Amino acid sequence: MKVLITEIRQESNSFNPLLSGLAHWRKSGWVLAANEVGAALKGVECAVGGMIEVLEASPRRPEIVFGPAFSAQSGGPAESEVLESFWEGLSQAIEANLPLDAVFFSFHGALQTIDFDDAQGEIVRRVRELVPSTCVLAASLDMHGYITEAFAAAVDIMCGYHTYPHVDFAETGRRTARLGLAALTSASAPAIAWSPVPMMVSASAYNTLSGPFRDLSLYAERLVETGELLDFSIFQMQPWLDVSKPNSATVAIGHDPRKAERYARDLAERLYRLRHTFTPKLSSIDFIIDRAEDPTASKPVILVDSADSPNAGAPGDSMAVARRLLERQSTARSATVVSDPAAVAQAFEVGVGGSAEFAIGGRVDASAIRINAVGYVRSLHDGEFRLEFVGHGGRSSRIGKSAVVRFGNLDVLVCETIVSSGDPQLYRAFGIEPSMYDLVAVKANTSFRVGYTKIAGEIYEADTPGAAAPDLLRLSFRKMTERLYPWMDDATFKARARVGRLVANSPHGELTEGRGADRI
Ligand SMILES: [Zn+2]
């Protein structure tokens with residue numbers, strides 16, 4: 001038995017005007033050739049690491065081979081060279097290893113290129129043309145994947161993260177590999193059902209730590225614990241993706257195709273019923289600054305500027321919060337972060353202890369807010385820091401050359417590229433200890449809750465502009481032709497599902513339409 005493992009992961013943001021070329025992938029993540037993947041990712045807390053672990057522990061001793069592994073920080077849509085370079089490596093690896101019994105993919109699920117809105121759908125379509133019809137295709141995905149019908153029809157197994165903030169990277173790889181192997185070896189082959197959900201909601205408005213989305217996740221987990229299902233996924237589509245036919249989706253995998261179909265639709269309708277609870281509760285920047293200036297408020301006040309979250313693909317170059325702090329001459333000791341390579345270069349020229357007039361922000365997104373003010377250079381850095389975030393603890397990360405520039409009571413960490421903005425170490429490593437400030441701006445969606453909840457006094461999500469604006473109605477979706485929630489609201493929504501029966505040793509692709517709501 002021979003299994004090929006490959007990876008291509010990025011959460012693209014259609015509203016970031018800066019395309020992600022290979023240089024961005026190399027700098028912010030990794031671009032590994034097939035022969036480098038095993039050494040680089042085995043034992044690592046990631047989907048590929050989890051897949052390798054399960055395959056090596058399998059009594060069937062499958063031979064493991066690799067295709068390339070590409071991973072990048074979120075950003076603007078990928079340039080053609082990314083997908084074509086990945087495909088060159090993957091097609092060569094597949095052809096060199098035929099016949100393959102299975103291909104395991106580590107995808108994000110929301111990779112958009114300038115050529116393909118659903119890049120993962122294009123990749124699995126091409127793979128299907130190369131591999132035997134019996135070859136099992138199994139994919140690990142982010143919870144924010146855009147799972148299209150074409151993608152669902154081409155793969156046998158899909159497993160999305162169960163946690164948000166995401167901490168189950170390796171476990172999702174293990175689930176994918178276990179089910180992928182079951183699809184090859186089980187006498188009663190598992191069936192997978194996919195159900196589209198016509199909604200797209202801000203990623204900042206829910207998590208699996210508390211609230212209704214957690215309750216839905218617990219309900220679904222119970223279905224697995226009680227043996228009704230083998231696995232489930234709830235995909236809340238990356239909302240800053242401009243595609244013609246957007247959808248969220250649910251997936252249910254079970255021994256019984258009728259149950260898989262029923263529960264995929266059940267989960268889809270339950271998810272849709274929660275749509276109004278996913279409206280983010282936004283506060284104005286001024287309200288949050290008022291809190292930070294209030295001596296009775298619990299500090300630090302965390303101002304969540306998710307609209308400019310690089311984790312969601314925004315450029316990280318908005319100074320909307322900084323500008324308001326300076327305009328108000330706020331007394332709050334504050335900290336924020338911005339990506340601006342030109343300002344970093346200027347800080348290096350000025351040197352530690354020097355002052356100069358800086359123009360910071362709005363480098364990538366011309367509509368992003370910039371500040372022009374005299375700042376004092378407190379420190380200069382090479383930009384390397386160690387992450388605290390679960391699953392990455394102790395791992396080194398880089399924001400490029402960087403500087404801390406002080407404007408009044410505001411410390412601005414200026415860097416070449418923001419990464420891991422939800423991790424307090426991003427500030428701490430450069431001399432900004434978040435717990436010593438009145439206001440800390442965090443450019444992240446939900447990931448920040450892992451590290452910040454334990455040190456935060458109060459947390460507010462700000463109504464800020466940007467490529468990942470939490471209020472989706474603020475953004476202009478140009479490609480979208482099919483309207484969904486929040487642009488329309490269908491109180492009578494009835495889910496449909498497609499079941500792709502996994503039958504080892506018979507052609508894949510026999511799909512049947514869901515047979516109506518009577519089964520629920
Ligand atoms: Zn995600």
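Visitor: In which loop does Ser447 lie, and how should I read the element numbers around it?

Guide: Ser447 sits in the loop between strand 19 (439-442) and helix 14 (448-452), where helices (H or I, at least four residues) and strands (E, at least two) are DSSP runs numbered from the N terminus. The model is predicted, so local features need pLDDT of at least 70 and side-chain atom pairs count only at pLDDT 80 or more, whereas totals for chains, interfaces and linings use all residues. Residues are numbered from 1 along each chain as its sequence is written, and side-chain values use heavy atoms, with hydrogens and water left out.

Visitor: Does Ser447 count as buried or exposed?

Guide: Buried means under 20% relative accessible area, exposed over 50%, and partly exposed in between (1.4 Å probe, protein chains only). Ser447 counts as buried because its relative accessibility is 19%.

Visitor: Which side chain is joined to that of Ser447 by a polar contact, and which residues is Ser447 in contact with beyond its neighbours in sequence?

Guide: A polar contact is a pair of N or O atoms within 3.5 Å; within protein, one must be able to donate a hydrogen and the other to accept it, and residues adjacent in sequence count only if both atoms are side-chain atoms. Here the side chains of Ser447 and Asn311 are joined by such a contact at 3.3 Å. For contact in general, the criterion is heavy atoms within 4.5 Å; with neighbours within four places in sequence set aside, Ser447 is in contact with Pro165, Asn311, Phe389 and Gly422.

Visitor: Pro165 appears in that list; what is the peptide bond from Tyr164 to Pro165?

Guide: The bond from Tyr164 to Pro165 is cis, with omega near 5°, and Pro165 belongs to the loop between strand 6 (157-160) and helix 7 (169-185). A cis peptide bond also runs from Leu98 to Pro99, with omega near 0°, and Pro99 is placed in the loop between helix 4 (80-97) and strand 4 (102-107).

Visitor: What lies after strand 4, and which polar contact does the side chain of His108 make?

Guide: His108 lies in the loop between strand 4 and helix 5 (119-130), and it counts as buried because its relative accessibility is 8%. Its side chain makes a polar contact of 3.1 Å with the side chain of Glu11, while a polar atom of the His108 side chain lies 3.0 Å from the backbone nitrogen of Ala110. Leaving aside neighbours within four places in sequence, His108 is in contact with several residues, including Ile8, Leu141 and His144.

Visitor: Where does Leu141 lie, and how far is Leu141 from Phe169 in space?

Guide: Leu141 lies in strand 5 (136-141) and counts as buried, at 0% relative accessibility. Leu141 and Phe169 are 28 residues apart in sequence, yet their C-alpha atoms are 9.1 Å apart in space. Not counting residues up to four places away in sequence, Leu141 touches, among others, Phe107, His108, Phe151 and Phe235.

Visitor: Phe169 begins helix 7 (169-185); how do helix 3 and helix 7 cross?

Guide: Axes are lines fitted to C-alpha atoms, for helices over the stretch in contact, and angles run from 0 to 180 degrees between N-to-C directions. The axes of helix 3 (residues 47-57) and helix 7 come within 6 Å and cross at roughly 45°. Angles under 35 degrees count as roughly parallel, over 145 as roughly antiparallel, 65 to 115 as roughly perpendicular and the rest as oblique, and helix 3 and helix 7 are therefore oblique to each other. The contact includes Ala47, Gly50 and Met51 of helix 3 and Phe169, Ala170 and Gly173 of helix 7.

Visitor: How many of the residues of helix 3 are buried, and what covers them?

Guide: Helix 3 is mostly covered, with eight of its eleven residues buried, among them Ala47, Val48, Gly49 and Gly50. The covering elements include strand 1 (2-9), helix 2 (34-41) and strand 3 (63-71).

Visitor: What is the sign of phi at Arg61, and is Arg61 buried or exposed?

Guide: Phi of Arg61 is near 45°, a positive value in a residue other than glycine. Arg61 is placed in the loop between helix 3 and strand 3, and it is exposed, with a relative accessible area of 66%.
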